[in-house]
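Me: I have a model open in front of me and would like to talk it through with you. Could we take it one question at a time?

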Amino acid sequence: MSYQISVTNYLFSAVILLASSTNFASERQAAETSLDTVDKVNLVALFGIELHASHVLFKVMSNGCTSDKHFETLLVSSGRSLELGIERTKRDRCRRKPKLIQITKELDYSGLAPNLPIMLVNPLQIHTR
Amino acid sequence: MKNTRPNKRMKRSALATAISMFIAGTAYSSDYSTRIIGGANAPADTYPWMVSVKSSDDGEHFCGASLIAPSYVMTAAHCVEDVRAEDIKVTVSEFDLEAESNQEKTVAIKHVYLHESYGDDNDIAVLELASAINKTPVKLAGVVLNDSINIGSNMTVMGWGNQSQDGENFPNLLQEVQVPLADFQQCKTNYAGIDVDITDNMLCAGLVEGGKDSCQGDSGGPLLFQKDSDWYQTGIVSHGEGCAQENFFGVYTKVSSYTTWISRATSGELEPYVADGEQSYDDDYSDGDYGDDEYDEHTDNEFDGDDYQDEDMPFGLPLYLEFIATEDEAVVEESFEFLNETDSAIAIQGISLENDQHFALTGNTCDARTLDPEQACEVQIAYTAGDEEFHESALSISLNDEEEPLVEIPLFGALFDELELDDDFDGMDGIDDEEWFFDGDDAWEGNSEEGAFTLSADAVSVNQDAVLMTELEGPGTLEFEMTLEGDVSGNSLSFMVDGEVVTTLSSERAAKEHSMELSEGEHQVAWVYHKAEQSGAGAQASVNDIEFEQEGQDGFDDDDFGNEFSDEDGPSDEEVGQAVDTLAEAVGGAGSSDSLLIAIMMLFGLGSLLPKVRTQRTSKEDIS
């Protein structure tokens, strides 16, 4: 199973990830409840995401000091769907000119119902440069 | 034998460069808008060692760097981590990212040397160039110099980084901003509050209130400290909380912590860094146009904390003598002493002057003398000004010393004008108001109302220069603001120290605050307005808020002036007057009015003949 959202190269093809959700409002409410513990400030803007069965690939902006170990993935159940949050655990305070980099993180589905649609709670952003 | 004569041609050549820079001026465009963060456009083609690190694919700039040796540039480790050498290139002497100039040179990277302990510390990397670059490298601050920089001393950071604190605005032209060295403990404490560790391998610079800082895109670029006219790299742009934020200074890699590591990187002792996915490849790059033999090995000198010291003359002799005569004082005398600083007796066989009617020996206790160790004698020379503005001669001293059989001291004499200031002139702090001189067209004047030295461009003829000059005794810190308004771009206002151009304004409207450290000894500082073409109506140059703080002389309570002034009562006018006289004597010293000579020499293309004067204190046992 592989879901993709690509927002690089000025294209935004966010179609798939939430498409299976039939009740977006209720799902979002559930997501906010279930991810209450997540500091929304740390939910980084993603410039692209690719979801695989065991891991997730996503693109974020880096100032030179961003790597895989600076992110955590949060996957929780909210009834009829799973909610995915990608949290930055360490800020990038370096002063390289920002660039897009791709990060890979494992996903831990243990204890979660399989085959549920996944809702992404991170904001998505278009790369405009 | 140390003979100053053979060096003259070389020094003239060096001076010609400085003069041509100052005559030509440099393109300077200042519109008072926000730069780097809180900075301004750098003068074009002024920093030959400034480097832009770019992507090989699209040529996009992403980090700064600095040329530290003909084949090496230094940058931040985070700029090149996970980057293959073939994926990057550098442009040395870069200024405008969008326009190629004949100054810049772009080269590929042969090897990347990333600090082996890079993580949250050690943010430093050295890139070996595929071919050597024939540009002047920046000097690196050693421990001695670094530790001598006081908190609050201004440093300069430059780069092509973001100019906006809350958005993105990346410039094409190199930007620079002055940021004071921050208190390390304060910086460490502030960052500890957000769980960021500031280590002893880092420097902090910026304002507590924020507003001036490096930012994203500046990483790897140099943080510089200017001592006299020389630039020393003290830091590498690394990181910071946001940019120019209140209470959060910019954080820089401390260069002096890595002198050994840099030496190893530039001498082939370190293994090149291999990024993930990068193939280790053979050294199949050409050596470029420049063989190693054509370059000095800079590393030894660069990492020597003493490399900013000037050379000494033997026997405590001056490198030169300068005589400044004025209309009121047409005959001036200078003297020096000869100290036998060797372990054996030295016979002075003869002292003679080159044939010149303007110089005469008026005192001589040295001729035909044998001096025992630590014994000294004295020579006095008079200069009589004539109709010509400038005279040059030399004094020769013949010795029975194998190492120094002949010592020559150049003599320079000139007729200059003293700038008369109103009694209520208040345009400077720490400089005696009787120590200002001018040359060229009589255009500079002390403006009491504005507390500034001002120059009306209308008073200067085309192709002429107007020099404002004084002489300062270091060590100390000189601060001032210089402004050029309403003028055409071809005209310029340059600030010079010891005959070398430090910075230049050349624009319809340009202003610059400047701060620099002066090393121990006398220094001639000058502001030179050059008029290359007709000025606009009302064009004006000005120098204001001049402040010189001699190191160790905080007000008048330094030991040199005694402690007769009580802080509680404050000094009386008479006491202040006496102290000012004392200070003036200390600042000016013998021949202090000679400073004007430097300007004349510069105008005659002779300024580079003047080495930096070092005050030599000798403990003479006997002057007879």
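Reply: Gladly; what follows is a set of questions and answers on this predicted model.

Me: Let's start with the five-stranded sheet of chain B: what is the order of its strands?
Reply: This sheet is open, and its pairing is mixed. Its edges are S15 (321-325) and S19 (369-371) of chain B, each of which pairs on one side only. Reading across from one edge strand, the order is S15-S22-S21-S17-S19.

Me: By how much are neighbouring strands of that sheet turned against each other on average?
Reply: The sheet in question is the open one of chain B, with five strands. With direction ignored, the average angle between its neighbouring strands is 25°.

Me: Which residue of S22 stands opposite Ile397(B)?
Reply: Strand S21 of chain B covers residues 390-399, and strand S22 of chain B covers 406-415. The two run antiparallel and are joined by nine bridges. Opposite Ile397(B), on S22(B), stands Val407(B).

Me: Now chain A: which are the edge strands of its three-stranded sheet?
Reply: Here too the sheet is open with mixed pairing, in the order S4-S5-S7. The twist from one strand to the next averages 25°. An edge strand pairs on one side only, and that holds for S4 (71-77) and S7 (118-120) of chain A.

Me: And which residue of S5(A) is opposite Val76(A)?
Reply: Seven bridges join S4(A) to S5 (residues 82-88) of chain A, and the two strands run antiparallel. In this pairing, Val76(A) faces Glu83(A).

Me: How do the two chains meet, and how much area do they bury between them?
Reply: Chain B brings 28 residues to the contact and chain A brings 12 residues. Of the buried area, 45% is on carbon and sulfur atoms. The total for chain B and chain A is about 1,600 Å².

Me: How many residues of each class are on the side of chain B that touches chain A?
Reply: Across the interface there are 15 residue pairs in polar contact, counting residues at pLDDT 80 or more. Strand S3 (61-69), helix H2 (77-80) and strand S13 (230-239) of chain B each supply at least two residues of the side that touches chain A. By class, that side of chain B has 11 nonpolar, 11 polar and six charged residues.

Me: How many salt bridges are there between chain B and chain A?
Reply: Over all chains, the structure holds 11 salt bridges. One that involves both chains pairs Arg91(A) with Glu241(B), at 2.7 Å from N to O. Between chain B and chain A, the count is five.

Me: Why does the salt bridge of Asp120(B) and Lys90(A) join two chains?
Reply: The side chains of Asp120(B) and Lys90(A) meet at 2.6 Å, N to O. Asp120(B) sits in the loop between strand S6 (105-114) and strand S7 (125-129) of chain B, while Lys90(A) sits in the loop between S5 and strand S6 (99-106) of chain A, so the pair links two chains.

Me: Turning to the backbone, which peptide bond is cis, with omega near 5°?
Reply: The proline of this bond, Pro475(B), belongs to strand S28 (residues 464-485) of chain B. The bond runs from Gly474(B) to Pro475(B).

Me: Finally, what is phi of Asp195(B)?
Reply: Asp195(B) is in the loop between helix H4 (184-192) and strand S11 (202-205) of chain B. The residue is not glycine, yet its phi is positive, near 60°.

Note on methods: Residues numbered from 1 in each chain as written. Chains lettered and ligands numbered in written order. Predicted model: local features only at pLDDT ≥ 70, side-chain atom pairs only at ≥ 80, totals over all residues. Heavy atoms only, no water. Pairing = 2+ DSSP bridges. Helix = DSSP H or I, 4+ residues; strand = E, 2+ residues; numbered from the N terminus. Axes fitted to C-alpha atoms, helices over the stretch in contact; angles between N-to-C directions. Contact = heavy atoms within 4.5 Å. Buried area = accessible area lost by both parts, 1.4 Å probe. Salt bridge = Lys/Arg side-chain N within 4 Å of Asp/Glu carboxyl O. Polar contact = N/O pair within 3.5 Å; in protein donor to acceptor, adjacent residues only side chain to side chain. Nonpolar A, V, L, I, M, F, W, Y, C, P; charged D, E, K, R; others polar.
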